[in-house]
Amino acid sequence: MRTRGPAASWSLEAMTDPILDLAGIGIGPFNLSLAAQLDGLPDMNARFFEQRPAFSWHPGMMLPGAELQTSCLKDLVTATNPTSPWSFMAYLVAHKRFYDFMNAEFDALPRQEFANYLAWAANGIESLRFGKPVRALDFSQGQFVLGFDDGEVAARNVCLGIGLVPDLPAFAMPLAGDTCFHASAATARLPLLNAGRVAVVGGGQSGAEVFLSLLSQVGTASEVSWISRRPNFEPLDATPFTNELFTPGYVTDFHGIGEDARNASLARQKLASDGASASTLKAIYQRLYALRHLGEGALNPTLMPGREVIQMERQRGEYRLVMRNGFDGGIEIVHADAVVLATGYGFRVPEFLAPLRDRIAFDRKGLFQVNPDFSLTWDGPRQNRIFA
Ligand SMILES: Cc1cc2nc3c(=O)[nH]c(=O)nc-3n(C[C@H](O)[C@H](O)[C@H](O)COP(=O)(O)OP(=O)(O)OC[C@H]3O[C@@H](n4cnc5c(N)ncnc54)[C@H](O)[C@@H]3O)c2cc1C
C-alpha cells in the first residue's frame with residue numbers, strides 16, 4: 001500500500017479498506033452496468049465512485065414525453081446475466097407494475113421509467129459511493145491511487161465511466177448564459193425562458209426533443225426556429241441489420257480492423273446512433289399539423305434543415321445567427337431572443353487523469369486507444385489495467 005498522508009485527512013472507510021480489485025470512476029449507465037454484473041461475485045472487491053450526490057441519468061434532458069431510443073432488453077444485465085436481480089424485468093416486478101407495463105404496449109419506453117429503473121438499481125447495489133468526485137488518478141508501487149477530497153483509495157484496476165461532456169460550438173461559448181445554453185440544461189431552463197423568438201440549433205434527438213417541447217408547452221415563445229446542418233431532419237436507424245452493429249460479434253470484428261477503417265466505418269454509421277427517433281419526428285410533424293391547420297395556438301414554427309450556423313453575436317439583447325445554406329451556399333440570418341444549442345457531446349481527457357496522461361496512448365483523434373478487452377493501451381504493468 002502506498003505511504004499515506006496524515007491520518008486525520010482519511011475517511012474511516014479508506015483507512016479500513018484493503019486494496020480494491022477494481023475501482024470504477026463515474027456512475028452512469030456504463031459503470032452501473034459493470035457494478036450490477038459484479039454485484040454478488042464473492043471474490044471481487046470492487047467499488048464505484050460518483051461525484052453527484054445521488055444517481056441521476058441526464059437530468060437536464062428529462063423533458064416531458066422523452067423516450068428511450070433502445071430496447072429495454074438492453075438493460076444493465078440481461079444480455080449477459082439474465083438471472084441477475086438488477087434486470088429491468090426485476091424492477092417491474094419489484095414495483096408491482098409488470099402487468100401494467102405489458103398492457104401499456106409502449107412502442108418506446110418513457111425515458112423517465114428507464115431512469116427510475118437505473119436509480120432503483122443504483123440504490124440497491126452496495127459497491128456504489130456517491131458524492132465522491134475523483135480528483136486525481138495516479139499509479140504508484142504497483143497499484144492505482146484515486147485521490148478524493150477526503151483521502152485516497154488504492155486499486156489494482158480501474159474503470160473509467162465518466163461519459164461525455166456537452167459540446168458548445170466556439171462561436172457560442174462567449175455568449176453562454178440564461179438565454180443561450182446547451183440542451184443538457186433544458187429541463188431547468190426551458191420553463192424559465194421569457195423569450196418570444198427561440199432558435200434551436202442541432203438536428204439530433206436532443207434538438208428534436210427541445211423543439212417538440214417548445215411547440216407543445218404553453219409559454220412565451222411566439223416563433224421557434226429549428227436549425228440543422230443535416231440536409232434533412234434525419235431519423236435514427238434502428239432497423240434490424242443496423243442494430244447488428246451493436247452485437248458482440250460485430251464489435252469484436254470492428255476492433256480487428258485498423259484505425260482508418262474504423263473511422264471510415266463510424267462516419268458511415270452515424271445514423272445508427274445519432275439521429276432523432278422516428279416517433280419524435282412524427283410527433284413534431286403532427287404538432288406542426290395541429291398548429292398550422294387546426295388552430296391550436298399562435299406559435300410560428302420555422303424548419304431550417306441544411307443550415308450550418310457559422311457565427312453568432314448578441315446585439316441590443318437579441319441574438320443574430322449567421323448560417324450557410326448547404327443547398328445553395330447562400331448566407332441567411334435568424335434573429336432570436338434565446339438560443340438552445342443541441343450540439344451534442346464530446347470526449348475530454350478528464351483533469352484527474354493528468355498524472356497518468358503521458359503514460360496512456362491516444363489515437364490521432366485524441367481518443368483513448370482501446371484494446372479488445374476494453375482496457376486502454378498504457379505503459380504500466382499488464383496486470384494493472386485501465387478499462388473504459
Ligand atoms: C439525453 C440523452 C439521452 C440518451 N438516450 C439514450 C438511449 O435512449 N439509448 C442509448 O443507448 N443511449 C442513449 N444516450 C447515450 C448514452 O447511452 C448515454 O449518454 C449514457 O448516459 C452514457 O453512459 P455513461 O455511463 O458512459 O456516461 P454518463 O451517463 O454521462 O455518466 C458518467 C458519470 O460520471 C460522473 N463523473 C464524471 N467525472 C467524474 C469524476 N471525476 N469523479 C466521479 N464521477 C465522475 C458523472 O457525474 C456522471 O454521472 C443518451 C444520451 C443523452 C445525452
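The exercises below work through a ligand site, two nonpolar cores and several single residues of one predicted model.

In this predicted model, local features need pLDDT of at least 70 and side-chain atom pairs count only at pLDDT 80 or more, while totals for chains, interfaces and linings use all residues. Residues are numbered from 1 along each chain as its sequence is written, and side-chain values use heavy atoms, with hydrogens and water left out.

**Exercise 1. The ligand**

Task: Find how many residues surround the ligand, and state which side chains have a polar atom beside an oxygen atom of the ligand.

Solution.
Step 1. A residue is near a molecule if one of its heavy atoms lies within 4 Å of it. The ligand is surrounded by 25 residues, and the closest are Phe30, Glu50, Trp57, His58 and Gln69.
Step 2. Sort this shell by residue type. Ala, Val, Leu, Ile, Met, Phe, Trp, Tyr, Cys and Pro count as nonpolar, Asp, Glu, Lys and Arg as charged, and the others, Gly among them, as polar. The shell has 13 nonpolar, eight polar and four charged residues.
Step 3. Look at the oxygen atoms of the ligand. A polar side-chain atom of glutamate 50 is 2.7 Å from an oxygen atom of the ligand. For glutamine 51 the distance from a polar side-chain atom to a ligand oxygen is 3.0 Å, and for an N or O atom in the side chain of histidine 58 it is 2.8 Å.
Step 4. Consider the area of the ligand. Taken alone, the ligand exposes 980 Å², and the protein buries 77% of that. Accessible areas come from the Shrake-Rupley method with a 1.4 Å probe; for residues, only the protein chains shown count as cover.

**Exercise 2. The nonpolar cores**

Task: Describe the largest nonpolar core and the elements that give two or more residues to it.

Solution.
Step 1. A nonpolar core is a set of buried Ala, Val, Leu, Ile, Met, Phe, Trp, Tyr and Cys residues joined through side-chain atoms within 4.5 Å. Buried means under 20% relative accessible area, exposed over 50%, and partly exposed in between (1.4 Å probe, protein chains only).
Step 2. The largest core has 31 residues, and Leu32 and Phe88 have the most contacts inside it.
Step 3. Helices (H or I, at least four residues) and strands (E, at least two) are DSSP runs, numbered from the N terminus. Two or more residues of this core come from each of helix H2 (29-38), strand S2 (46-49), helix H3 (88-94) and helix H5 (111-124). H5 gives the most, with six residues.
Step 4. Contact means heavy atoms within 4.5 Å. Apart from neighbours within four places in sequence, leucine 32 is in contact with Ile27, Phe55, Leu76, Leu118, Ala122, Ile125 and Leu128.
Step 5. A second, separate core has 29 residues, including Met61, Ala195, Leu214 and Leu299.

**Exercise 3. Helix H2**

Task: Which residues of H2 are buried, and what covers them?

Solution.
Step 1. Asn31, Leu32, Ser33, Ala35, Ala36 and Leu38 are the buried residues of H2.
Step 2. Their cover includes strand S1 (20-25), S2, H5, strand S3 (128-129) and strand S6 (151-160).
Step 3. Take one of these residues. Leucine 38 counts as buried because its relative accessible area is 15%. Not counting residues up to four places away in sequence, leucine 38 touches Leu22, Met44, Ala46 and Phe48.
Step 4. Read on past the helix. H2 is followed by glycine 40, with a positive phi near 90°.

**Exercise 4. Arginine 156**

Task: Is arginine 156 buried, partly exposed or exposed, and what does its side chain reach?

Solution.
Step 1. Arginine 156 is found in strand S6.
Step 2. Its relative accessibility is 35%, so arginine 156 counts as partly exposed.
Step 3. Leaving aside neighbours within four places in sequence, the contacts of arginine 156 are Ile19, Leu20, Asp21, Phe144, Gln383, Asn384 and Arg385.
Step 4. A polar contact is a pair of N or O atoms within 3.5 Å; within protein, one must be able to donate a hydrogen and the other to accept it, and residues adjacent in sequence count only if both atoms are side-chain atoms. The side chains of arginine 156 and aspartate 21 are joined by a polar contact of 3.0 Å. The arginine 156 side chain also reaches the backbone oxygen of isoleucine 19 at 3.4 Å.

**Exercise 5. Positive phi**

Task: Where is lysine 96 found, and what is its phi?

Solution.
Step 1. Most residues other than glycine have a negative phi.
Step 2. Lysine 96 has a positive phi, near 55°.
Step 3. Lysine 96 lies in the loop between H3 and helix H4 (98-104), and its relative accessibility of 74% makes it exposed.
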